[in-house]
Every structure is written in structure tokens, then in C-alpha cells.
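Me: Please take a close look at a single part of this model, the first helix, and describe how the chain is arranged around that part.

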Amino acid sequence: MLKIKENEIHFHNLMLFCFRKGKNAAQIAKKICAVYRDGIIAANTVRKWFARFRTKTFDLENRELSGRPTVVDNEQIKTLIKNNSCHITQDNVEILHISYASIIKHLKTFD
């Protein structure tokens with residue numbers, strides 16, 4: 001049987017294929033587990049990869065974590081979005097050098 005750490009790219013390819021076919025993340029996690037092993041991948045993991053793919057990020061390698069989280073000011077994000085409302089979230093990711101998930105997290109704190 002495959003182990004997720006040894007075959008991450010294989011699973012990432014499966015997820016990308018299913019994403020491009022318009023499949024549901026929870027269903028894909030169930031199908032992968034049915035084929036490989038129960039619990040081999042969580043639906044949340046598939047959802048995270050699908051969110052990454054929605055930002056047009058298709059590299060299949062796991063990103064290295066720096067160990068120290070990036071500190072971003074909510075006001076900086078508000079100002080950027082207010083002044084550049086035509087920018088899509090991926091542009092904001094590149095400008096602020098933070099993840100898509102971090103931007104969404106900060107946006108949820110806005111009034």
C-alpha cells in the first residue's frame with residue numbers, strides 16, 4: 001500500500017485531475033481512501049488543495065514552511081483591497097507575500 005508521505009505527488013496529481021473535472025472535494029477524499037486505504041487522506045486536505053488550485057497555483061510540491069508566521073496588518077490588507085478593488089485575491093497574495101488562506105482569514109475579520 002502507498003503511504004501519503006512517500007507518494008504525495010501521486011495524490012496531488014489525483015486531486016488536480018479531479019479538480020479540473022469539477023469534482024467535489026469530500027467525494028474525492030472518500031474515493032481515494034476507498035482505493036488506497038481508509039484514512040489515507042482527509043477531506044480537509046483535498047479542500048485545501050482545491051483552494052490552492054482555485055488560485056491558479058498548480059505546482060504539486062508542498063511548500064516549505066519558514067517556521068515563523070508572517071505578520072500582516074489587517075489595515076494593510078483593507079487598504080490594498082480598497083485601493084485596488086480590481087485586483088483578484090491571487091494578486092493580493094503576490095503583493096503581500098502571504099497565503100491565500102491568510103488573506104481570507106484576515107478578510108473575515110473586517111466589518
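Reply: What follows describes helix α1, then its surroundings and the cysteines.

The model is predicted. Helix α1 covers residues 8–20. With 13 residues at 1.5 Å a residue, α1 should span 18 Å, and its end C-alpha atoms are 18 Å apart, so the expected and computed lengths agree.

The buried residues of α1 are Glu8, Phe11, His12, Met15, Leu16, Cys18 and Phe19. They cover an arc of only 165° around the axis, and therefore lie on the same side of α1. Phe17 and Arg20, on the other side of α1, are exposed. A phenylalanine is thus found in both groups: Phe11 and Phe19 are buried, whereas Phe17 is exposed. Just after the helix, Gly22 has a positive phi of about 80°.

The packing partners of the buried residues of α1 are α2 (25–35) and α3 (43–54). In α3, the buried residues are Val46, Trp49, Phe50, Ala51, Arg52 and Phe53, and the elements covering them include α1 and α2. Helix α3 has 12 residues, and the distance from its first C-alpha to its last is 16 Å, close to the 16 Å expected at 1.5 Å a residue. Just after α3, Lys56 also has a positive phi, of about 70°.

One residue of α3 shows the link to α1 in detail. Leaving aside neighbours within four places in sequence, Phe50 is in contact with Met15, Cys18, Phe19, Lys23, Asn24, Ala25 and Ile28. Among these contacts, Met15, Cys18 and Phe19 are buried residues of α1.

Met15 and Phe50 also appear together in the largest nonpolar core, which has 18 residues. The members that touch the most others in this core are Met15, Ile32, Ile40, Ile41, Val46, Phe50 and Phe53. The elements giving two or more residues to the core are α1, α2 and α3.

The cysteines remain to be described. Cys18, in contact with Phe50, has a relative accessible area of 15% and therefore counts as buried, the cut-off being under 20%. Cys33, at 10% relative accessibility, also counts as buried. The structure holds zero disulfides.

In short, α1 has its buried residues on one side, and these pack against α2 and α3.

Technical notes
Residues are numbered from 1 along each chain as its sequence is written. This is a predicted model: local features need pLDDT of at least 70, side-chain atom pairs count only at pLDDT 80 or more; totals for chains, interfaces and linings use all residues. Side-chain values use heavy atoms; hydrogens and water are left out. Helices (H or I, at least four residues) and strands (E, at least two) are DSSP runs, numbered from the N terminus. The expected span of a helix is 1.5 Å times one less than its number of residues. Buried means under 20% relative accessible area, exposed over 50%, partly exposed in between (1.4 Å probe, protein chains only). The arc is that of the directions from the helix axis to the C-beta atoms. Contact means heavy atoms within 4.5 Å. A nonpolar core is a set of buried Ala, Val, Leu, Ile, Met, Phe, Trp, Tyr and Cys residues joined through side-chain atoms within 4.5 Å. A disulfide is a pair of cysteine sulfur atoms within 2.5 Å.
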